[in-house]
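Subject: The structure to look through

Hi,

Here is the structure I promised to pass on to you. Have a look at it first, and then read my notes underneath.

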Amino acid sequence: MIEHANANALTKGLTIDFSVMDAQSLQFDSDTFDFIVTRNVTWNLSSPEQAYDEWLRVLKPGGRLLNFDGNHYLHLFDDRYANFRKSNAYDDPHQTVHLEGINTNTIEEIARHQPLSSVERPEWDLAFFQDQSVKIIDVHTTPITYTNDALKTETIIDRFHLCIEKS
């Protein structure tokens, strides 16, 4: 992945220092970054609180964190999400080319043991940031409404993004 990102940067004439490390234990000095973007990271961390603490630590005051994520595996724990997966409204993203050759059962097994797989988000994230020195800049959810087997309308949160600013 890093090689691919580096090749993309080079085609644009950019020099970027890519680093590989544990998102829950960053090797950067405090107050280093103006902006951090994460995409589909927090759901698969064993200690998401630790990751958020680390990301806040390395953000400069006034720096922003933009987190894109979703309730990707909540169907393993919540009937509303499981019913959606069984409905005609569900379009399985695991059938796409970008996952060709990947055993998604392995990913699902990992998800069963991650703390954020079993909680609805972004409520969990917002509760975490309530006790931090941050300002919530933006929260956007992508709700999906479907009809369940009992012909009742249900709404779930598929994806979200959350932007916070460090005080």
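Let's start with two helices that pack against each other, H2 and H5: their axes are 11 Å apart and make an angle of about 55 degrees. Before you read too much into any number here, keep in mind that this is a predicted model. The angle between H2 and H5 falls neither under 35 degrees nor in the range from 65 to 115, so the two helices count as oblique to each other. As for handedness, H2 passes H5 in a right-handed crossing.

Which residues meet where H2 and H5 pack? On the H2 side you'll find Pro48, Glu49, Tyr52, Asp53 and Leu56. Their partners in H5 are Trp124, Asp125, Phe128 and Phe129. Try turning on those side chains in your viewer.

While you're at H2, which covers residues 48-58, click on Glu54 as well. Is Glu54 buried or exposed? Its relative accessibility is 14%, and the cut-off for buried is under 20%, so Glu54 counts as buried. The side chain of Glu54 reaches the backbone nitrogen of Leu26, at a distance of 2.7 Å. Leaving out residues up to four places away in sequence, Glu54 touches Ala23, Gln24, Ser25 and Leu26.

Now for the charged pairs. Side chains of opposite charge can pair when their charged atoms come close. How many salt bridges are there? The count comes to eleven. I'll walk you through a few of them.

My pick to begin with is Asp69 with Arg121, where the closest N and O atoms are 3.3 Å apart. This pair links distant parts of the chain, as its two residues are 52 residues apart. Asp69 sits in strand E2 (residues 59-70), while Arg121 is in the loop between helix H4 (104-111) and helix H5 (123-130). Both ends of the pair are buried: Asp69 has a relative accessible area of 2%, and Arg121 comes out at 0%. Asp125 belongs to the picture too, since Asp69, Arg121 and Asp125 are linked in a network of salt bridges. You've met Asp125 already, among the H5 residues that meet H2.

Next, look at Arg112, which takes part in two of the pairs I noted. With Glu108 it makes a salt bridge at 3.4 Å, N to O. With Glu109, the closest N and O atoms of the salt bridge are 3.8 Å apart. What about exposure here? Arg112 is partly exposed, at 40% relative accessibility. Glu108 is partly exposed with a relative accessible area of 22%, and Glu109 is also partly exposed, with 40%.

Then there are some backbone details to check. Most residues other than glycine have a negative phi, and most peptide bonds are trans. With that in mind, go back to Arg121: the peptide bond from Arg121 to Pro122 is cis, with omega near 15 degrees. Pro122 is placed in the loop between H4 and H5.

Which residues have a positive phi although they are not glycines? I noted Asp31 and Leu151. Asp31 has a phi of about 55 degrees and is found in the loop between helix H1 (2-11) and strand E1 (33-39). Leu151 has a phi of about 60 degrees and lies in the loop between strand E3 (134-147) and strand E4 (153-166). As for how open they are, Asp31 is partly exposed at 40% relative accessibility, whereas Leu151 reaches 72%, over the 50% cut-off, and therefore counts as exposed.

One last stop is Asn6, in helix H1. Asn6 is partly exposed, with 31% relative accessibility. Which residues does Asn6 contact, leaving aside its neighbours within four places in sequence? They are Ile16 and Phe18. Phe18 is twelve residues from Asn6 along the chain, and the C-alpha atoms of the two are separated by 7.5 Å.

That's the tour. If you open the model again, I'd go back to Arg121: it is buried, it pairs with Asp69, and the cis peptide bond to Pro122 starts from it.

Cheers

How values were computed. Residues are numbered from 1 along each chain as its sequence is written. This is a predicted model: local features need pLDDT of at least 70, side-chain atom pairs count only at pLDDT 80 or more; totals for chains, interfaces and linings use all residues. Side-chain values use heavy atoms; hydrogens and water are left out. Helices (H or I, at least four residues) and strands (E, at least two) are DSSP runs, numbered from the N terminus. Buried means under 20% relative accessible area, exposed over 50%, partly exposed in between (1.4 Å probe, protein chains only). A polar contact is a pair of N or O atoms within 3.5 Å; within protein, one must be able to donate a hydrogen and the other to accept it, and residues adjacent in sequence count only if both atoms are side-chain atoms. Contact means heavy atoms within 4.5 Å. A salt bridge is a side-chain nitrogen of Lys or Arg within 4 Å of a carboxyl oxygen of Asp or Glu. Axes are lines fitted to C-alpha atoms, for helices over the stretch in contact, and angles run from 0 to 180 degrees between N-to-C directions. Angles under 35 degrees count as roughly parallel, over 145 as roughly antiparallel, 65 to 115 as roughly perpendicular and the rest as oblique. A crossing is left-handed if the near helix is turned anticlockwise from the far one by less than a right angle, and right-handed if clockwise.
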